[in-house]
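Trainee: I would like to test the labels on this model one by one. Can we go through how each is earned?

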Amino acid sequence: MSKRNYFLITLILALLALSSCTKDNTTGPDNDPPPPGEMVLIPAGTFTMGSTQVGGTAIPEHQVHLDAYWMDKYEVTNAQYKLFCDTTGHHYPSDPGFSGMSNYFTNSLYSNYPVVRVSWFDADSFATWAGKRLPTEAEWERAAKGDQDNRLWPWGDNLGTNNANIYGSGDGYTYTSPVGTFPTGVSPAGCYDMAGNVCEWCNYLLQHQPPK
Ligand SMILES: [Ca+2]
Ligand SMILES: [Ca+2]
């Protein structure tokens, strides 16, 4: 099992991490407040995209400069996505069938859990409704690992324990966990669950194109 596969808790899980456009390369989006939903401002900077440790489509490593941007601090929750559906008439996601978690999307017990069974098109619609957009792959990757050391995980190079909701129930969660449950797994930028819990959508399904 590769290190990446630790986090494929199920292939049908999907959700979104959002970022908003910025106009100022050094101080953020012209002092405008971020769009609704808790977000972190990631200043302009350069990071190493890709990883020889991961290999495959993650190589070669290369430097990428990004302007300042906002990124959602947490995975999108059922409550946030339900507000979007109830306001716009967008269809509810189908039930994932998690054992012991009936009516996952509408049960208030799971309001702060990440929404799942969301297609890329659903995610794109939600982002537009929220006044945001899906991040590029580079924006997501930089928000996950920071600029300093091209670390393998958001918290460092070692997987460790209790840093993320990974495959299996040893971390206390067989399926999803409430967003932000693992504080030691926070990324250098201040984003939670960038590894583990559920996967996030970027603005393209296959975007990574190393320099020729
Ligand atoms: Ca788990
Ligand atoms: Ca995640």
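**Labels and their reasons**

Mentor: Start with a helix. On the other side of α2 from its buried residues, F121 and T128 are exposed. Keep in mind that this is a predicted model.

Trainee: Which residues of α2 are buried?

Mentor: D122, A123, F126 and A127 are the buried residues of α2.

Trainee: What puts them on the same side of α2?

Mentor: Their arc around the axis. It covers only 135°, so they share one side of α2. The general rule fits in one sentence. An α-helix has 3.6 residues a turn, so residues three or four places apart point the same way.

Trainee: What makes α3 "mostly covered"?

Mentor: Seven of the nine residues in α3 are buried. They are E139, W140, E141, R142, A143, A144 and K145.

Trainee: What happens just after each of these two helices?

Mentor: A glycine with positive phi. G131 follows α2, with phi of about 75°. G146 follows α3, with phi of about 80°.

Trainee: Now single residues. Why is Q80 called buried?

Mentor: Count its neighbours. Q80 has 22 other C-beta atoms within 10 Å. The cut-off for buried is 20 or more. Therefore Q80 counts as buried. Q80 lies in helix α1, residues 78-88.

Trainee: How far apart are Q80 and N112 in sequence and in space?

Mentor: In sequence, 32 residues. In space, 8.6 Å from C-alpha to C-alpha.

Trainee: Why does N103 count as exposed?

Mentor: N103 has 10 C-beta neighbours inside 10 Å. Exposed means 12 or fewer. So N103 falls in the exposed class. N103 sits in the loop between α1 and α2. Its phi is near 50°, a positive value in a residue other than glycine.

Trainee: And why is N162 called partly exposed?

Mentor: N162 has 14 other C-beta atoms within 10 Å. Exposed stops at 12, and buried starts at 20. The count for N162 lies in between, so the label is partly exposed. N162 is in the loop between α3 and β7, where β7 is residues 200-201. N162 also has a positive phi, about 60°, although it is not a glycine.

Trainee: V179 is in the loop between α3 and β7 as well. How do you know whether V179 is buried or exposed?

Mentor: Same test. V179 has 24 other C-beta atoms within 10 Å. With the cut-off at 20 or more, V179 is therefore buried, loop or not.

Trainee: What is V179 in contact with?

Mentor: Leaving aside neighbours within four places in sequence, Y74, E75, T77, N112, P114, Y192 and D193. Take T77. V179 and T77 are 102 residues apart in sequence and 7.3 Å apart in space, C-alpha to C-alpha. A contact is judged on C-beta atoms, within 7 Å, so the C-alpha distance does not decide it.

Trainee: What share of contacts in the whole chain joins residues at least 24 apart?

Mentor: 72%, among contacts between residues at least 6 apart in sequence.

Trainee: Which residues have the most contacts inside the largest nonpolar core?

Mentor: M71, V115, A123, A143 and C191, in a core of 38 residues. At least two residues of this core come from each of β3 (39-42), β6 (69-72), α2 (120-129) and α3 (137-145). C191 touches V40, M71, K73, A143, A144 and V186, not counting residues up to four places away in sequence.

Trainee: Which peptide bond is cis?

Mentor: The one joining I59 and P60, with omega about 0°. P60 is in the loop between β4 (45-49) and β5 (62-66).

Trainee: How many helices and strands are there?

Mentor: Three helices and seven strands. Of the 212 residues, 37% count as buried.

Trainee: Last one. Where is the pLDDT below 50?

Mentor: Take the average for context. The chain averages 83, and 79% of the residues score at least 70. Residues 1-17 are below 50, yet that stretch has 43 contacts in the model beyond near neighbours in sequence. Residues 19-31 are also below 50, with 35 such contacts. Where pLDDT is low, the predicted coordinates should not be read in detail.

Terms used
Residues numbered from 1 in each chain as written. Chains lettered and ligands numbered in written order. Predicted model: local features only at pLDDT ≥ 70, side-chain atom pairs only at ≥ 80, totals over all residues. Helix = DSSP H or I, 4+ residues; strand = E, 2+ residues; numbered from the N terminus. Core = buried A, V, L, I, M, F, W, Y, C linked by C-beta atoms within 7 Å. Contact = placed C-beta atoms within 7 Å. Arc of directions from axis to C-beta. pLDDT = per-residue confidence, 0-100.
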